Amino acid sequence: MSRTLSIREALKTASKELGNAKEAALLLASHLERDRLWLMTHDQVPLEDPEGYFALVSRRKAHEPIEYITRKVSFYGEEFFIRPGALIPRPETELLIDRAREIIASEKLERVAEIGTGSGIIAVMLAGFFPDLQITATDINPEALAIARENARRFGVEAQITFIETSYLEGINQKFDMILSNPPYIARDFPLEKPLGYEPQNALFGGERGDEILREIIDIAVARGVRYLACEMGYDQRAPLDDYMHEKGIDQVRFYQDYSGFDRGFIATLKE
Ligand SMILES: C[S@@+](CC[C@H](N)C(=O)[O-])C[C@H]1O[C@@H](n2cnc3c(N)ncnc32)[C@H](O)[C@@H]1O
């Protein structure tokens, strides 16, 4: 790009390329480390490093999620750090936090475990809500754990969360009051939309049927004698998981629905 472009001109070109003026502005704000208001009030300023900006635009045109490009994601009204290597948090996971939060508060729980912490959003939010809560958060993916640790640091809750690279809770002998998880729960042959191809596949697929990891977590909760199990799940997994929990002797299960009214998770009480 030889000609000097103003911010206004660069935004106009990028908006056309992306078919989306808001995203063009978000990418430019991220590139310049400014906010969108600054762009509006400085739109005649020449853009330095237009190649750098249009490289971001090209990534977005190739359907890379904007959160990975800007390295930010909004979740539960907060801004978290994200980059490729961990699943981008989804708004419905706020509901799992709300359900867990009610029980942690009413039962005064002290120690919880999160399996599959990813970017750490669940553990970090709960640590923020409950300054006396101790959380052990695991993941098999070291890149995700690095992102989770960075989020814990940014929110100042690193002393409350122990991050451990392991499968499920292997090698951890502590007792927990509650196990929480938003595990991978998509069936292996489910056709993914293009942007999902950018996310770690072991954060998405839960096995042949999809609910294999959830069943494993139910077994672990029973074997460890925890009082509560709180999990997110797929919209079509309620009946098989309800049956499975009954087989395991868990009769107190409350399923909850997401913002679109689909079954999306459950809280099981294993022991009063
Ligand atoms: C759907 S993502 C959820 C991430 C984050 N908790 C959230 O809600 O956005 C599932 C996470 O589980 C992790 N995972 C998959 N299998 C696991 C296992 N056997 N043990 C621990 N973590 C696992 C993946 O690496 C991924 O980070």
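This is a short tour of the structure above, stop by stop.

Before you click anything, know that this is a predicted model, where local features need pLDDT of at least 70, side-chain atom pairs count only at pLDDT 80 or more, and totals for chains, interfaces and linings use all residues. Residues are numbered from 1 along each chain as its sequence is written.

**Stop 1: helices 1 and 2**

Select residues 7-18 for helix 1 and residues 21-32 for helix 2. (Helices are DSSP runs of H or I with at least four residues, strands are runs of E with at least two, and both are numbered from the N terminus.) Two packed helices are described by the angle between their axes and the distance between the axes. Here the angle is about 125 degrees and the axes are 8 Å apart. (Axes are lines fitted to C-alpha atoms, for helices over the stretch in contact, and angles run from 0 to 180 degrees between N-to-C directions.) That makes helix 1 oblique to helix 2. (Angles under 35 degrees count as roughly parallel, over 145 as roughly antiparallel, 65 to 115 as roughly perpendicular and the rest as oblique.)

Which residues make the contact? On helix 1, pick Ala10, Leu11, Ala14, Ser15 and Leu18; on helix 2, pick Ala21, Glu23, Ala24, Ala25, Leu27 and Leu28. (Two residues are in contact if their C-beta atoms, placed from the backbone, lie within 7 Å.) By class, this contact divides into 9 nonpolar, 1 polar and 1 charged. (Ala, Val, Leu, Ile, Met, Phe, Trp, Tyr, Cys and Pro count as nonpolar, Asp, Glu, Lys and Arg as charged, and the others, Gly among them, as polar.)

**Stop 2: bring in helix 4**

Now add residues 50-61, which are helix 4. Helix 2 packs on helix 4 at an angle of about 135 degrees, with the axes 10 Å apart. That makes helix 2 oblique to helix 4. Show Glu23, Leu27, Leu28 and His31 on helix 2, which meet Gly52, Tyr53, Leu56, Val57 and Arg60 on helix 4. The classes in this contact are 5 nonpolar, 2 polar and 2 charged.

Switch to helix 1 against helix 4: their axes come within 10 Å and cross at roughly 15 degrees. That makes helix 1 roughly parallel to helix 4. Ala10, Ala14, Glu17 and Leu18 of helix 1 meet Pro50, Tyr53, Val57, Arg60 and Lys61 of helix 4. In this contact you'll find 6 nonpolar, no polar and 3 charged residues.

**Stop 3: the sheet**

Next, turn to the strands. There is an open sheet of 7 strands in the order 5-4-3-6-9-11-10, with mixed pairing. (Two strands pair if DSSP finds at least two bridges between them.) At the edges sit strand 5 (161-165) and strand 10 (252-257), each pairing on one side only. Neighbouring strands are turned by 15 degrees against each other on average, direction ignored.

Zoom in on strand 4 (134-139). Strand 4 runs parallel to strand 5, and 5 bridges join the two. To see one opposite position, select Asp139 and then Glu165 in strand 5.

At the other edge, strand 10 runs antiparallel to strand 11 (residues 263-269), joined by 6 bridges. Here Val253 stands opposite Ala268 in strand 11. Strands 10 and 11 form a hairpin with 5 residues between them, and Gly261 in the turn has a positive phi of about 90 degrees.

**Stop 4: the ligand**

Finally, centre on the ligand. Which of the 24 residues around the ligand come nearest? Gly116, Gly118, Asn141, Asn182 and Ala203 do. (A residue is near a molecule or strand if its C-beta atom, placed from the backbone, lies within 6 Å of it.) Helix 7 (121-129) and strand 4 each supply at least two residues of the shell. Coloured by class, the shell shows 13 nonpolar, 10 polar and 1 charged.
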